[in-house]
Amino acid sequence: MIYLDSNATSAVAPEVLDAMLPFLRQSFHNPSSSYSAAREVKTAIEVARAQVAALINSRPESLVFTSCGTESLNAAIESAWQTCPDRRHLIISATEHSAVIEPARRWATRGGKVTFLQVDADGLPDLEQLVAALKSTPTALVSVMWANNETGVLASIDKVTQLAHDHGAMMLTDAVQAVGKVSVDVQKTPVDFLALSGHKFHAPKGVGALYVSPRVRFDPWMLGGGQESGKRSGTENVAGIVALGRAAELALSKPEVGEMRDAFEQNLVSHCPCAYVHGKGAPRLPGTSSICFPGLVAAEMLILLDKLGLACSAGSACHTANVHPSHVLQAMGVSADDAASTLRFSFCRYNTPHEAEEAATLVIQAEQRLRALAEEAAGPVVFS
Ligand code: PLP
């Protein structure tokens, strides 16, 4: 099986597994306990904090470990609600992940105002609309994702952050798909909150982090024993945190490159003349490719590709159970039909150029078979 679905979740790196296992075996102690074995566990958490901080160029004490990207994003938005009672406006991009859209909906049901920023055909947010929205109402928070999970499009977070700050708003970025894949530096891009997630860059599922700038107040939503300097109570997922630290260290030393993805896209587009790449005019993550095969049904392509030995996804894998067309592609002006004909392929550093070539051959085969079947019969497709 060729795995091209690393944006859904990535394989745990062998080095990461080696680093975390001792904390599930002999070093299982509660880091809040006072004996020496527990103190060693606490030290391991602080080492991991420094490793993750190095990856995004933050101070270690600005990082709060969480259970996932979703928790980090919810915590930031909830904090903005709690700390800004006189600024009840939230601005988010229309292409955000549901981990931002759903808290935004709650913001609105509590009586706050939410503005959805439109994006252009490449998925980049409309900065003029942003300025107008910032001027219209005192804004607590602007949330624009660093990299889109479906298309890989990289937003101009520098500019968005500058505009948010110019109007007294805080800036949150969902960097879940960006961290570990492209350079993310919170000194160069001075966001106030940044969410990241371990399982997107070769740590296991169940661990994430929230960067909170020292410039802003943070109101924690997880209350209890006061772990994480009171910012996120709950006994720490030590093995997960150690894994996140090691994955961060690996990401710094092995950056992702885009050559494989570019060759894959070129191969596909030259063999499937009507296929086109979403977000091609914008900067993108090096390993993400969102390709429309007009006229074909992505769900049928997925079944056939699975049989042929290729794992990829239709739009966003987090929404696989969701039959609605992708809100990301629709916001980019893609028709519902083309959105339903789109597949996402996401590479990682463990894929090889040979796999990329094989995968392109399989996709071309599948595309030709489905087109032939569609021409032969108008009925439903049955795979033998
Ligand atoms: N944000 C983006 C852009 C994502 O792609 C995902 C997961 O796919 C999330 C947030 C949620 O992260 P997690 O699965 O760690 O909760």
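Glutamate 61 is partly exposed at 48% relative accessibility, a class that lies between buried (under 20% relative accessible area) and exposed (over 50%), with a 1.4 Å probe and protein chains only. Its salt-bridge partner is arginine 59, with the closest N and O atoms 3.6 Å apart; here a salt bridge is a side-chain nitrogen of Lys or Arg within 4 Å of a carboxyl oxygen of Asp or Glu. Arginine 59 is likewise partly exposed, its relative accessible area being 46%.

The model is predicted, so local features need pLDDT of at least 70 and side-chain atom pairs count only at pLDDT 80 or more, while totals for chains, interfaces and linings use all residues. Residues are numbered from 1 along each chain as its sequence is written, and side-chain values use heavy atoms, with hydrogens and water left out.

**Salt bridges**

- The search of the whole structure yields 15 salt bridges.
- Arginine 110 and glutamate 78 form a salt bridge whose closest N and O atoms are 3.1 Å apart.
- This pair links distant parts of the chain, 32 residues apart: arginine 110 lies in the loop between helix H4 (98-109) and strand E4 (113-117), and glutamate 78 in helix H3 (residues 69-83). Helices (H or I, at least four residues) and strands (E, at least two) are DSSP runs, numbered from the N terminus.
- Arginine 110 is partly exposed at 35% relative accessibility, whereas glutamate 78 is buried, with a relative accessible area of 10%.
- A salt bridge of 2.8 Å, N to O, joins the side chains of arginine 371 and glutamate 367.
- Arginine 371 and glutamate 367 are separated by about one helical turn because they stand four residues apart in helix H12 (residues 353-376).
- Arginine 371 is partly exposed, with a relative accessible area of 22%, while glutamate 367 is buried at 4% relative accessibility.
- Arg261, Asp262, Glu265 and Arg284 are joined into one network by salt bridges that share partners.

**Domain interface**

- The chain divides into domain 1 (2-9 + 255-376) and domain 2 (14-251), with bounds that come from an automatic or database domain assignment.
- The C-alpha centres of domain 1 and domain 2 lie 28 Å apart.
- Contact (heavy atoms within 4.5 Å) involves 31 residues of domain 1 and 33 residues of domain 2.
- About 2,500 Å² is buried between domain 1 and domain 2, 53% of it on carbon and sulfur atoms; this buried area is the accessible area (1.4 Å probe) that two parts lose on being put together, summed over both.
- On the side of domain 1, Leu285, Met332 and Arg349 lose the most area to domain 2, together 22% of what that side buries.
- Zero salt bridges are found across the interface of domain 1 and domain 2.
- Between domain 1 and domain 2 there are 13 residue pairs in polar contact, both residues at pLDDT 80 or more. A polar contact is a pair of N or O atoms within 3.5 Å; within protein, one must be able to donate a hydrogen and the other to accept it, and residues adjacent in sequence count only if both atoms are side-chain atoms.
- Strand E10 (288-292) and helix H10 (327-331) are the elements that give two or more residues to the side of domain 1 that touches domain 2, and H10 gives the most, with four residues.

**Glutamine 177**

- Glutamine 177 is located in the loop between strand E6 (170-174) and strand E7 (193-197), and is buried at 4% relative accessibility.
- The side chains of glutamine 177 and lysine 181 are joined by a polar contact of 2.6 Å.
- Neighbours within four places in sequence aside, glutamine 177 is in contact with Asn7, Ala147, Asn149, Lys200 and Leu285.
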